[in-house]
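Hi everyone, thanks for making time for this. I'd like to walk you through one structure, piece by piece, so please have a look at it first.

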Protein chains: 2
Amino acid sequence: MSKTIITISREFGSGGRYIGEQVAQRLGYSYYDKNLIEKVAEETGLDKVFVENHGEYSPKKFAMAYAFVGRDKYGSSMSDYLYSVQRKIVLNIADEGNCVIIGRCADYILADRPNSLHIFIHGNMDKKIERIKTLYDKTDAEAKKLISDMDKRRSVHYGYYTDQEWGKAQNYTLSLNSSALGIDNCVDIISKLAETL
Amino acid sequence: MSKTIITISREFGSGGRYIGEQVAQRLGYSYYDKNLIEKVAEETGLDKVFVENHGEYSPKKFAMAYAFVGRDKYGSSMSDYLYSVQRKIVLNIADEGNCVIIGRCADYILADRPNSLHIFIHGNMDKKIERIKTLYDKTDAEAKKLISDMDKRRSVHYGYYTDQEWGKAQNYTLSLNSSALGIDNCVDIISKLAETL
């Protein structure tokens with residue numbers, strides 16, 4: 001029987017990571033977020049902080065700048081290498097058993113897998129600011145800037161490696177506004193759907 | 001108590017209209033689609049076919065061409081007039097009682113209403129082609145072209161009047177892939193959510 005795979009893409013501050021964790025816990029699925037970073041760090045020999053910073057985020061907010069950063073003579077960059085290792089690990093994880101994977105273009109990498117749910121979690125700016133202020137001890141302005149920067153960097157990274165638009169409804173099985181629906185409701189909807197697969 | 005409002009935006013061939021109809025029936029809500037066109041035709045004195053063709057679709061596939069079609073000396077066009085009447089009618093409908101409204105930028109017009117669910121239904125091309133072939137007696141190629149043209153025209157119309165991107169997850173409370181989830185599942189998810197509002 002096919003494994004059930006849930007990928008969670010999320011806006012910064014939307015609670016998407018927490019939702020994924022809760023879903024995994026409720027369904028008894030493996031949960032991959034920081035531990036995926038550890039696997040990539042182990043495989044590449046790169047520092048965990050470097051992997052976390054570059055495995056899902058562009059170093060710059062602009063795609064054109066990104067495309068030319070740190071190329072070697074073959075046109076590859078450290079980001080390309082990181083992406084290729086990360087991609088292989090995501091594919092291996094999906095072969096192992098039921099799982100929830102946070103970010104890392106997993107929705108794109110596993111788009112054609114049967115028994116998969118690809119989820120995008122987004123939210124309203126005021127609610128996201130509240131969440132980030134509390135979690136990271138920031139002012140309103142700092143939280144807003146952080147949200148905007150992180151999402152822009154995720155969006156550029158995703159666009160660069162998938163040639164798709166981050167946050168476009170058509171790329172996901174299901175997209176949810178966690179501010180309007182509430183975190184618990186999102187966990188409920190996703191868990192129940194996974195059980196119908 | 002606030003009225004519960006469900007707006008359904010949908011890709012052509014995704015079954016979004018049918019899903020909206022089923023949700024309205026299950027919840028006992030008023031359903032607005034063709035009857036909204038009739039209201040607009042009555043108010044404007046315009047022909048129903050004209051209202052249907054221009055109330056949700058750009059005449060051309062390109063926004064720049066659209067922006068300059070049929071302007072009078074005040075810079076307004078028949079499309080602008082139609083949009084303004086349609087907008088007023090959508091607002092009135094939402095004041096009247098619980099309802100499901102299909103298309104017509106209702107998600108944008110009613111974005112700030114409490115107790116509202118704004119839904120986007122999309123699907124996989126092969127499933128959409130199947131649906132359109134059956135409903136309109138078309139070949140595969142004709143169905144594919146029709147889907148692509150209709151969605152492009154909806155997208156241009158929506159972008160022009162809302163300054164937002166059609167199909168961007170962040171504009172909707174919930175986006176669903178009806179091909180992956182199945183029509184009945186979509187009806188279920190939306191109906192159950194509406195009952196929690």
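Let's start with a helix. Helix H2 of chain A spans residues 34–44, and its buried residues are A:Leu36, A:Ile37, A:Val40, A:Ala41 and A:Thr44. Buried here means under 20% relative accessible area, exposed over 50%, and partly exposed in between, with a 1.4 Å probe and protein chains only. These buried residues cover an arc of only 140° around the axis, which puts them on the same side of H2(A); the arc is that of the directions from the helix axis to the C-beta atoms. As a reminder, an α-helix has 3.6 residues a turn, so residues three or four places apart point the same way.

What covers that side? The cover over the buried residues of H2(A) includes strand S2 (30–32), helix H3 (48–54), helix H5 (78–96) and strand S3 (99–102) of chain A. Right after H2(A) comes A:Gly45, with a positive phi near 80°. Helices (H or I, at least four residues) and strands (E, at least two) are DSSP runs, numbered from the N terminus.

A word on the source: this is a predicted model, where local features need pLDDT of at least 70 and side-chain atom pairs count only at pLDDT 80 or more, while totals for chains, interfaces and linings use all residues. Side-chain values use heavy atoms, leaving out hydrogens and water; residues are numbered from 1 along each chain as its sequence is written, and chains are lettered from A and ligands numbered from 1 in the order in which they are written.

Now to strand S4 of chain A, residues 116–122. How many of its residues are buried? It is 7 of the 7, so the strand is largely enclosed by the rest of the structure. A:Ser116, A:His118, A:Phe120 and A:His122 are on one side, with A:Leu117, A:Ile119 and A:Ile121 on the other. S4(A) runs parallel to strand S1 (residues 5–10) of chain A, joined by 6 bridges, and A:Ser9 stands opposite A:Phe120. S4(A) also pairs in the parallel sense with strand S5 (residues 174–177) of chain A, over 4 bridges, where A:Ile119 stands opposite A:Leu174. Strands count as paired if DSSP finds at least two bridges between them.

Over in chain B, B:Arg10 lies in strand S1 (residues 5–10). Is this arginine buried or exposed? B:Arg10 is buried, with a relative accessible area of 4%. Its side chain makes a polar contact with the side chain of B:Glu56 at 2.5 Å. For a polar contact we need a pair of N or O atoms within 3.5 Å; within protein, one must be able to donate a hydrogen and the other to accept it, and residues adjacent in sequence count only if both atoms are side-chain atoms.

Next, the cysteines. With a disulfide defined as a pair of cysteine sulfur atoms within 2.5 Å, the count is 0 over all chains. For A:Cys105, the closest cysteine sulfur is in A:Cys99, 16 Å away, too far for a bond. A:Cys105 is buried, at 5% relative accessible area.

Just before the end, a backbone detail: A:Arg104 has a positive phi of about 55° although it is not a glycine. A:Arg104 sits in the loop between S3 and helix H6 (106–109) of chain A, and is buried at 4% relative accessible area.

Happy to take questions!

Note on methods:
Contact = heavy atoms within 4.5 Å.
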